[in-house]
Amino acid sequence: MSAFVGVTSFAQISEIKSSVDRVEGKVDSVLQKMTLEEKIGQMVQYNGSWDLTGPASDKGNKEKEERIKKGMVGSMLNVLSVEATEQAQRLNMENSRMKIPMMFGYDVIHGYKTIFPVPLAETSSWDLEAMEESARIAALESAADGVNWTFSPMIDVSRDARWGRIMEGSGEDPFLTSKVGEAKIRGYQGEDLSDPKTIAATAKHFAGYGFVEGGKDYNSGNIGIRELHNFILPPFKAAAKAGAATFMNSFNTIDGIPATASEYLQRDILKGDWNWDGFVVSDWGSIAELIPHGIAKDKTDAARIAVKAGSDMDMEGGTYESGLKSLVENGTINESLLDDAVRRILRVKFKMGLFDDPYRYSDAGLASEISTEDHLKTARDIARKSIVLLKNEQQLLPLKGDENIAIIGPLADDKDTPIGNWRAQGEKNSAVSVIEGFKNSDFSGTMRFEKGVTLGKGERSFLMPLEIEKEDRSGISAAVEIAKNADKVILVLGEDAFQTGEGRSQADVSLAGLQKELMEKVFEVNKNIILVLINGRPIEINWAAENIPAIVEAWQLGSESGNAIADVLLGKYNPSGKLPVSFPRNSGQEPLYYNHLNTGRPSNPQHVTYSHYTDVEDGPLYPFGFGLSYTSFEYGKPGISSANLTEDGTLTVKVSVTNTGAVKGKEVVQLYVKDLVAKIARPIKELKGFELVELEAGESKEISFEISSEMLQFYDGENWIAEPGEFEAMVGTNSAEVQSIKFELK
Ligand code: BGC
């Protein structure tokens with residue numbers, strides 16, 4: 001007889017299901033008592049009734065309710081508020097036989113209510129502590145609203161600015177992405193998942209989603225096995241090690257196999273080699289999508305393929321609930337596959353403390369503990385840290401604060417775009433605009449504003465296509481007029497919030513609509529332009545880079561955007577961000593990334609017979625790791641503790657960095673390594689370390705990086721190995737400006 005049958009009080013439940021160190025025993029004891037239908041139920045996730053991110057199952061709310069009452073639903077997504085989650089949990093707990101609590105998931109991608117910079121922007125801070133803190137706040141606000149599981153961090157390495165979802169990740173580098181992923185997981189989950197102020201994290205999308213062909217969302221990925229292991233999987237391995245409670249699989253195929261159907265990824269690597277004990281949720285209906293992929297003939301077939309591959313929970317696909325029972329009963333699949341999935345799901349629920357108190361996250365009291373003011377302060381701080389100064393000639397910046405300025409551009413008074421896509425409960429038009437940021441500051445000059453042109457128009461929402469204004473030039477002359485008499489022009493251009501995010505890939509990543517025309521017209525009358533970019537992906541800004549004296553990459557910075565931008569433009573904060581992605585000279589260069597392999601024809605500018613485009617200068621406009629400051633930094637000559645590294649030893653690379661300017665500033669000192677000769681082609685350089693250092697004017701510091709043979713390992717197609725031979729260690733201010741020093745691995 002089940003220990004849970006007939007149990008009605010939570011005190012009794014918690015008595016039976018107690019401390020964390022006995023989780024495995026408890027999981028087994030629950031599992032033993034479950035019927036086949038109940039097991040399948042745990043593997044089903046239902047959507048609430050809003051924020052659909054794809055084709056939803058046709059179930060009405062009534063039918064969903066009935067299934068919840070029978071304990072046939074393991075978790076829900078998009079059910080928000082203490083009341084709603086409590087109500088749904090009650091339906092389950094008070095009616096179901098086994099009384100297994102549900103989890104409530106939501107896309108808390110860059111904040112819940114307080115919105116932080118979009119992840120690509122936040123990564124530009126290279127400030128891991130700050131990123132952990134924003135995740136901690138996001139968790140707190142989510143938990144206060146009943147949500148106990150986020151589908152974040154997104155740790156898909158992406159090299160393609162065309163891919164709209166590049167804004168959700170940490171850019172093109174696996175090492176930096178790994179570090180950010182770990183920080184986010186720490187921030188969301190804290191030390192103890194059962195603490196009701198923490199939420200479970202999801203490492204997504206496993207795997208290869210950032211490598212979709214042509215940067216086109218949901219597309220196929222033709223990824224070689226070495227590429228997969230060396231560039232795509234490292235952040236996921238780090239996330240598994242950091243204890244991410246769950247993983248989400250992905251929509252794409254890899255070499256013909258949908259990730260959702262990949263036994264190799266989910267069973268062999270994740271649950272096998274990495275020995276990870278959490279569960280994998282499908283990406284929305286990715287199990288049902290095995291049908292249009294053409295590898296499953298119907299939902300039952302899709303369920304068979306996905307469960308064998310190790311996809312543990314079906315998000316809104318309707319395949320597990322309709323297919324698994326008959327598959328087990330007719331012997332097509334072994335029930336042990338379901339046991340494995342359910343064991344994983346129960347394990348996470350035990351760790352979250354849900355068996356002790358299924359309502360621990362539906363605590364109305366938590367909301368009153370939250371200081372929005374403190375959270376906004378943190379949001380402003382991380383927003384300032386995320387800004388990257390790309391160009392600053394003629395000392396246009398920082399502003400003196402008493403100039404006569406013209407603020408021009410469609411995004412200058414936009415209170416919505418800085419909130420970005422994947423905005424959770426961030427309210428529409430709730431960001432501080434650039435204009436408001438200046439009004440809030442101690443700027444004492446005169447300020448006039450003209451929008452010039454409109455960017456996005458019509459319905460702007462998660463699901464609907466965005467319309468870009470391409471015709472209406474009626475505001476340009478007024479903008480030109482105010483520019484004529486201004487000391488300086490602040491031109492605020494970029495991308496609408498809904499130009500990036502899911503389903504928002506673009507073939508062309510240059511400034512959309514009439515923005516470039518506006519910029520050129522303003523430039524004709526006033527050359528003292530500070531271009532402030534608000535965007536979610538790297539954009540092509542060649543003309544601006546050649547002509548405009550000052551360029552600030554401000555990204556989509558969230559709730560406090562305008563205040564943070566004003567802080568930087570007015571010199572209240574000395575910019576310290578560095579690009580986590582390469583900026584192209586032309587969309588046709590994408591995918592563009594610094595850590596590429598050498599070809600057999602790296603360079604021969606005399607003839608055309610080398611790897612290049614004939615119509616675009618080689619390389620990025622701004623390289624990975626690039627970013628300026630209001631001060632300057634000088635690097636000494638790097639030194640190395642030994643010319644030789646043994647297999648189990650370490651060596652140290654040292655470099656002194658001096659602030660040679662007049663103000664205090666921060667620098668991200670970067671370490672790259674190159675394997676000179678290896679059995680497979682290796683990247684021309686790879687980031688292996690970085691340190692964010694703050695220096696007073698005139699101050700010097702010696703920065704040390706330790707190198708071990710483990711850091712030199714690569715996947716050769718079968719094994720992870722570090723081959724003896726010569727290496728180059730490079731240190732510098734960005735991926736293109738480095739000084740190198742050689743050493744040998746013995
Ligand atoms: C996205 C995921 C997201 C899920 C749930 C999917 O369409 O690809 O990243 O977590 O929806 O909203």
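**Exercise 1.** Find how far a polar side-chain atom of Arg-165 lies from an oxygen atom of the ligand, then look at the ligand's surroundings.

*Solution.* Start with Arg-165: one of its polar side-chain atoms is 2.7 Å from a ligand oxygen, and a polar contact is a pair of N or O atoms within 3.5 Å. Next, Lys-204 places a polar side-chain atom 2.8 Å from an oxygen atom of the ligand. Taken alone, the ligand exposes 310 Å², and the protein buries 100% of that (accessible areas by the Shrake-Rupley method with a 1.4 Å probe).

This is a predicted model, where local features need pLDDT of at least 70, side-chain atom pairs count only at pLDDT 80 or more, and totals for chains, interfaces and linings use all residues. Residues are numbered from 1 along each chain as its sequence is written, and side-chain values use heavy atoms, leaving out hydrogens and water.

**Exercise 2.** Work out in which order the 5 strands of the open sheet stand.

*Solution.* First, read the order: β21-β29-β28-β23-β24, with mixed pairing. Strands here are DSSP runs (E, at least two residues), numbered from the N terminus, and two of them pair if DSSP finds at least two bridges between them. Second, check the edges: β21 (644-645) and β24 (686-695) each have a single partner strand, so one side of each lacks a neighbour in the sheet. Third, zoom in on one pair: β23 (residues 665-675) is joined to β24 by 9 bridges, and the two run antiparallel. Finally, spot Leu-671, which stands opposite Gly-689 in β24.

Technical notes
Helices (H or I, at least four residues) and strands (E, at least two) are DSSP runs, numbered from the N terminus. A polar contact is a pair of N or O atoms within 3.5 Å; within protein, one must be able to donate a hydrogen and the other to accept it, and residues adjacent in sequence count only if both atoms are side-chain atoms.
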